[in-house]
Amino acid sequence: HLVRQCPELVEEGVAVLDANTFTVPPGHRGRAGMQYKVCVLGLRSGGRLYPTLWHFTERGLGEDGDLTQGKLLIAAAQKAWPKGTIKRLLVDRGFIDGGWISDLKHDGIDTVIGLREDMILYEDMLGLAQLDDAVWTPASPPKLRGKPRPERSLCQLTDLETWDACTVPLQGIVIRDIYPDGEVRFQCLVTTDLTMTAAEIHQNCRDRWAIEESFMDLTRYWNIERFGSCRPNVAAAQYHFTLLAYTLLHLHL
């Protein structure tokens with residue numbers, strides 16, 4: 001209903017997935033404390049992120065993996081929203097699944113995702129970026145609170161084929177950060193959208209951080225990590241309505 005009422009939510013077709021946890025402290029009469037895991041699907045539009053769908057599970061029951069919850073949310077979104085609502089999905093390394101990313105591509109959803117350092121494709125991308133014909137272009141460095149800013153550059157790589165589980169074509173970028181003390185750090189990102197430039201992939205990486213900032217905002221100012229002792233369902237209801245109020249407030253703004 002909210003997506004139909006507020007079409008500005010889906011104008012860009014960009015969705016972001018991420019997960020967070022919140023704790024319910026122990027209560028009276030020996031009621032044990034517990035921890036919930038919540039995975040949130042947010043829609044990005046106009047420079048803002050709007051939490052739109054979410055899924056709760058209790059930690060420790062074997063169903064709280066990022067990927068497990070993420071798949072449930074995307075399936076729910078595909079069922080509830082018109083086809084084509086989500087055109088691009090931004091996720092971090094916790095959602096790596098080559099088969100799922102391939103299925104999303106076949107459903108018309110491109111993915112932008114960071115690779116884990118232990119992946120063969122990660123090592124291959126670093127190797128390709130060190131070849132003599134590799135081209136590096138400058139990029140805006142991250143703003144690190146209390147830390148010196150590195151010199152950042154990007155190397156775009158196409159025709160990436162060494163992720164066996166992913167059966168659709170990939171391209172990506174290697175991000176290189178050189179710090180004033182000489183330390184060098186790398187990140188590797190890939191996408192199923194073969195039309196994106198290196199700068200666009202890099203910007204999508206930055207856009208994904210909007211959900212991290214939203215969680216920080218919700219924790220620091222909306223008290224989602226400071227619920228009092230209560231029954232688990234009451235805590236989940238408080239979190240549910242807090243996310244909804246957060247989205248409605250940003251729509252109003």
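## Two helices, worked step by step

**Exercise 1.** In this predicted model, work out what span the 21 residues of α6 should have, and check it against the end C-alpha atoms.

*Solution.* Start with the rise of 1.5 Å a residue, and take the expected span as 1.5 Å times one less than the number of residues. For the 21 residues of α6 that gives 30 Å, and the end C-alpha atoms are 30 Å apart, so the two agree.

**Exercise 2.** Repeat the check for the 24 residues of α5.

*Solution.* At 1.5 Å a residue, α5 should span 34 Å. Its end C-alpha atoms lie 35 Å apart, which agrees. Just past this helix, have a look at Asn223, whose phi is positive at about 65°.

**Exercise 3.** Describe how α5 and α6 pack, and which residues make the contact.

*Solution.* First find the helices: α5 covers residues 198–221 and α6 covers residues 232–252. Their axes are 12 Å apart, at an angle of about 115°, and the crossing is right-handed. Next, pick out the contact: α5 brings Ser214, Phe215, Asp217 and Leu218, while α6 brings Tyr239, Thr242, Leu243 and Tyr246. Sorted by type, these are five nonpolar, two polar and one charged.

**Exercise 4.** Find the buried residues of α6 and name some of what covers them.

*Solution.* Use a cut-off of under 20% relative accessible area. The buried residues are Ala235, Ala236, Tyr239, Thr242, Leu243, Tyr246, Thr247, His250 and Leu251. Their cover includes α1, β1, β2, β3 and α5. To make sense of the spacing, recall that an α-helix has 3.6 residues a turn, so residues three or four places apart point the same way.

Definitions and conventions
Residues are numbered from 1 along each chain as its sequence is written. This is a predicted model: local features need pLDDT of at least 70, side-chain atom pairs count only at pLDDT 80 or more; totals for chains, interfaces and linings use all residues. Side-chain values use heavy atoms; hydrogens and water are left out. Axes are lines fitted to C-alpha atoms, for helices over the stretch in contact, and angles run from 0 to 180 degrees between N-to-C directions. Helices (H or I, at least four residues) and strands (E, at least two) are DSSP runs, numbered from the N terminus. A crossing is left-handed if the near helix is turned anticlockwise from the far one by less than a right angle, and right-handed if clockwise. Contact means heavy atoms within 4.5 Å. Ala, Val, Leu, Ile, Met, Phe, Trp, Tyr, Cys and Pro count as nonpolar, Asp, Glu, Lys and Arg as charged, and the others, Gly among them, as polar. Buried means under 20% relative accessible area, exposed over 50%, partly exposed in between (1.4 Å probe, protein chains only).
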